[in-house]
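The following note is offered to a colleague who will read the chain alongside its three-dimensional view. Its points are numbered so that each may be checked in turn.

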Amino acid sequence: MLDYIIGDAKFIGDDYVVIDNNGIGYKIFTSSYSISNFTLYESYLVHVYMSVREDAIVLYGFHDDEELDMFKLLITVSSIGPKSALAILSTLSTQQIAKSISSNDIEMLTKAPGVGKKTASRIILELTDKIAKMHFSYSNLEEAPNIEDDDIETAVEALISLGYMRADVIKIIRTIETEDKNIEDIIKQCIMRLGK
């Protein structure tokens, strides 16, 4: 089994990155948060999980090992597969997920596409004890934009509807000073920085 791959980012898609290692291009599916941390032609160590099925061998990988740990936890839940786990990690950070599970916050988990209240309850039920034994850092929560999550998602979705890639939008929105700014101002600032 693979543990990590070191190489240059040769291509960045909406939900995957191609890492070149010694002339072999590894297509690694990942979350929006991880994609926002990749830059073309830069070298990275990508923490990976290899899924072996009858019809395919698929690599899932992440910019940091905490996100990989959360991915592995999520796919242990009875109704969560790798694609669903990626959708959750593309909507919520590992810290938000850990906090939601430990505080029994069903509403936060249902913000992820495909996660209803029943699935959110199952995630909490099956992972509460496991989360308690792990030490997820909450430092990234302090770095998040200082506006409500709903407002961030509204701005992100508006920009995606204008043709921007989610990964690019998330990367830019994290660099913007959002305090005392409304959604419209955030969107305008993003568009200016995205160069369109």
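**Notes on helices, barrel and selected residues**

1. Ser-90 lies in helix H3. The model is a predicted one, and in it Ser-90 has a relative accessible area of 12%, so this serine counts as buried. Apart from residues up to four places away in sequence, Ser-90 touches Ser-31, Ser-32, Tyr-33, Arg-166 and Ile-170.

2. A second serine deserves attention. Ser-34 belongs to helix H1, which covers residues 32–35. Its relative accessibility is 0%, and Ser-34 is therefore classed as buried. When residues up to four places away in sequence are not counted, Ser-34 touches Phe-62, His-63 and Glu-67. With Glu-67 there is also a polar contact, made from side chain to side chain at 2.6 Å.

3. Glu-67 leads on to helix H2, where it is one of the buried residues. Helix H2 spans residues 65–74, and 7 of its 10 residues are buried, so the helix is largely enclosed by the rest of the structure. Besides Glu-67, the buried set holds Glu-66, Leu-68, Met-70, Phe-71, Leu-73 and Leu-74. The cover over these buried residues includes H1, strand E4 (43–52), strand E5 (57–62), helix H3 (82–91), H4 and H6.

4. The N-terminal end of H2 is capped by Asp-64. A side-chain oxygen of Asp-64 lies 3.0 Å from the backbone nitrogen of Glu-66. Glu-66 is itself among the buried residues of H2.

5. The strands should be considered next. How many strands make up the closed barrel, and in what order do they run? There are 5 strands, in the order E1-E2-E3-E5-E4, and their pairing is mixed. From one strand to the next, the twist averages 55°. Helix H2 packs on the sheet, where it touches E4 and E5, and the direction of H2 makes about 10° with that of E4.

6. Within the barrel, E1 pairs with strand E2 (residues 16–21) in the antiparallel sense, over 4 bridges. These two strands form a hairpin, with 3 residues between them. In this pairing Ala-9 stands opposite Ile-19 of E2, and Asp-8 has Asp-20 of E2 as its bridge partner. E1 also pairs with E4, again in the antiparallel sense, over 5 bridges. There, Asp-8 stands opposite Ser-43 of E4.

7. Asp-8 thus merits a point of its own. This residue is found in strand E1, residues 4–12. Is Asp-8 buried, partly exposed or exposed? Its relative accessible area is 27%, which means that Asp-8 is partly exposed. Leaving aside neighbours within four places in sequence, Asp-8 is in contact with Val-18, Ile-19, Asp-20, Tyr-41, Glu-42 and Ser-43. Two of these names recur from the pairing described above: Asp-20 in E2 and Ser-43 in E4. As for Ile-19, it is 11 residues from Asp-8 in sequence, while the C-alpha atoms of the two residues are 5.4 Å apart in space. As background to reading E1, side chains in a regular strand alternate between the two faces of the sheet.

8. Helix H4 is also enclosed. Of its 9 residues, 7 are buried, so H4 is largely enclosed by the rest of the structure. The buried residues are Thr-94, Gln-95, Gln-96, Ile-97, Ala-98, Ser-100 and Ile-101. After H4 comes Asn-104, whose phi is positive, near 60°.

9. The packing of H4 against H6 completes the picture. Helix H4 (residues 94–102) and helix H6 (residues 117–133) pack at an angle of about 105°, and their axes are 8 Å apart. At this angle H4 is roughly perpendicular to H6. The H4 side of the contact consists of Ala-98, Ser-100 and Ile-101, and these meet Ile-123, Ile-124, Leu-127, Thr-128 and Ile-131 in H6. By class, the residues of this contact divide into 6 nonpolar and 2 polar, with no charged residue. Ala-98, Ser-100 and Ile-101 are also among the buried residues of H4.

Methods:
Residues are numbered from 1 along each chain as its sequence is written. This is a predicted model: local features need pLDDT of at least 70, side-chain atom pairs count only at pLDDT 80 or more; totals for chains, interfaces and linings use all residues. Side-chain values use heavy atoms; hydrogens and water are left out. Buried means under 20% relative accessible area, exposed over 50%, partly exposed in between (1.4 Å probe, protein chains only). Contact means heavy atoms within 4.5 Å. Axes are lines fitted to C-alpha atoms, for helices over the stretch in contact, and angles run from 0 to 180 degrees between N-to-C directions. Angles under 35 degrees count as roughly parallel, over 145 as roughly antiparallel, 65 to 115 as roughly perpendicular and the rest as oblique. Ala, Val, Leu, Ile, Met, Phe, Trp, Tyr, Cys and Pro count as nonpolar, Asp, Glu, Lys and Arg as charged, and the others, Gly among them, as polar. A polar contact is a pair of N or O atoms within 3.5 Å; within protein, one must be able to donate a hydrogen and the other to accept it, and residues adjacent in sequence count only if both atoms are side-chain atoms. Two strands pair if DSSP finds at least two bridges between them.
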